[in-house]
Amino acid sequence: MFIKKRIKRWEAEHVVPAENFGRAFSEWREGAKVCVDNKGKAFKGRKCVEKANKEYRLMQSDLYNLYPAIGAVNAARQNYNYVMLPKTASKDYRSFGSCDMIIDKKDHEAQPPKRARGVIARTYMYFDAVYPSYKMSRQQRQLMSAWDKQYPVSKWECERAAKIQKIQGNVDPILASRCKNIG
């Protein structure tokens with residue numbers, strides 16, 4: 001029912017899920033002194049790290065990591081890692097009509113459409129380059145490197161980065177190097 005309500009709604013999706021980078025912070029895992037509700041009960045997780053950690057808040061609101069997504073796809077993807085799924089679709093796969101996103105609920109993995117893979121790769125690479133607290137696994141790094149090469153940067157991606165740089169005030173070093181030759 002929850003996903004049905006989000007089918008026609010656009011949402012800002014974290015390409016690198018907030019939970020995936022949030023777990024690197026002690027406030028997410030253990031809580032913090034400032035994470036006490038009005039009844040005196042301590043809390044942790046996303047709510048705590050949002051309150052207690054400036055770097056997390058910067059990561060969470062980083063425009064280079066936010067893209068529009070169909071609400072139902074965003075809800076179904078959750079914090080699953082991006083992968084290349086086998087060609088044989090199991091009953092645990094969820095597809096979204098004309099959207100080529102495939103989500104494997106059993107193994108908690110998602111395969112994005114081809115048109116999004118380069119953008120996703122460069123977003124992960126940006127996070128890895130800019131935020132010391134975020135590190136990709138070796139396997140994730142290999143996949144993102146392959147997608148970066150397979151799906152080159154587009155003029156639109158470079159224009160978007162230029163607009164974000166004006167608003168946010170920082171350069172995406174991954175896109176800066178790849179956008180030099182885009183006309």
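Reader: What phi does Gly 169 take, just after α9?
Author: Gly 169, which comes just after α9, takes a positive phi of about 90°. Helices here are DSSP runs of H or I with at least four residues, strands are runs of E with at least two, and both are numbered from the N terminus.

Reader: And what sort of model is this?
Author: This is a predicted model, in which local features need pLDDT of at least 70 and side-chain atom pairs count only at pLDDT 80 or more, while totals for chains, interfaces and linings use all residues. Residues are numbered from 1 along each chain as its sequence is written, and side-chain values use heavy atoms, with hydrogens and water left out.

Reader: Back to α9, how many residues has it, and how far does it reach?
Author: Helix α9 covers residues 155-168, which is 14 residues, and reaches 20 Å from its first C-alpha to its last, close to the 20 Å expected at 1.5 Å a residue. That expected span is 1.5 Å times one less than the number of residues.

Reader: Which residues in α9 are buried?
Author: Glu 157, Cys 158, Arg 160, Ala 161 and Ile 164 are buried in α9, where buried means under 20% relative accessible area, exposed means over 50%, and partly exposed lies in between, with a 1.4 Å probe and protein chains only. They cover an arc of only 160° around the axis, so they sit on the same side of α9; the arc is taken from the directions from the helix axis to the C-beta atoms.

Reader: Why would residues three or four places apart point the same way?
Author: An α-helix has 3.6 residues a turn, and therefore residues at that spacing point the same way.

Reader: What do the buried residues of α9 pack against, and which residues are exposed on the other side?
Author: The buried residues of α9 pack against β2 (66-70), α7 (114-130) and α10 (173-179), with contact meaning heavy atoms within 4.5 Å. On the other side of α9, Lys 163, Lys 166 and Ile 167 are exposed.

Reader: New topic: is Gln 111 buried or exposed?
Author: Gln 111 counts as buried, because its relative accessibility is 11%. Gln 111 lies in strand β6, residues 109-111, and among the residues that Gln 111 touches beyond four places in sequence are Val 83, Asp 100 and Arg 117.

Reader: Which backbone nitrogen lies 2.7 Å from a polar atom of its side chain, I mean that of Gln 111?
Author: The backbone nitrogen of Leu 85 lies at that distance from a polar atom of the Gln 111 side chain.

Reader: How many bridges join β5 to β6?
Author: Strand β5 (residues 99-104) is joined to β6 by 3 bridges, and the two run antiparallel; strands pair if DSSP finds at least two bridges between them. Asp 104 stands opposite Glu 109 in β6, and in this hairpin, which has 4 residues between the strands, His 108 takes a positive phi near 55°.

Reader: What about Asn 53, where does it lie?
Author: Asn 53 lies in the loop between α4 (46-52) and α5 (54-61), and it counts as buried at 13% relative accessibility. The side chains of Asn 53 and Glu 27 are joined by a polar contact of 3.3 Å. A polar contact is a pair of N or O atoms within 3.5 Å; within protein, one must be able to donate a hydrogen and the other to accept it, and residues adjacent in sequence count only if both atoms are side-chain atoms.
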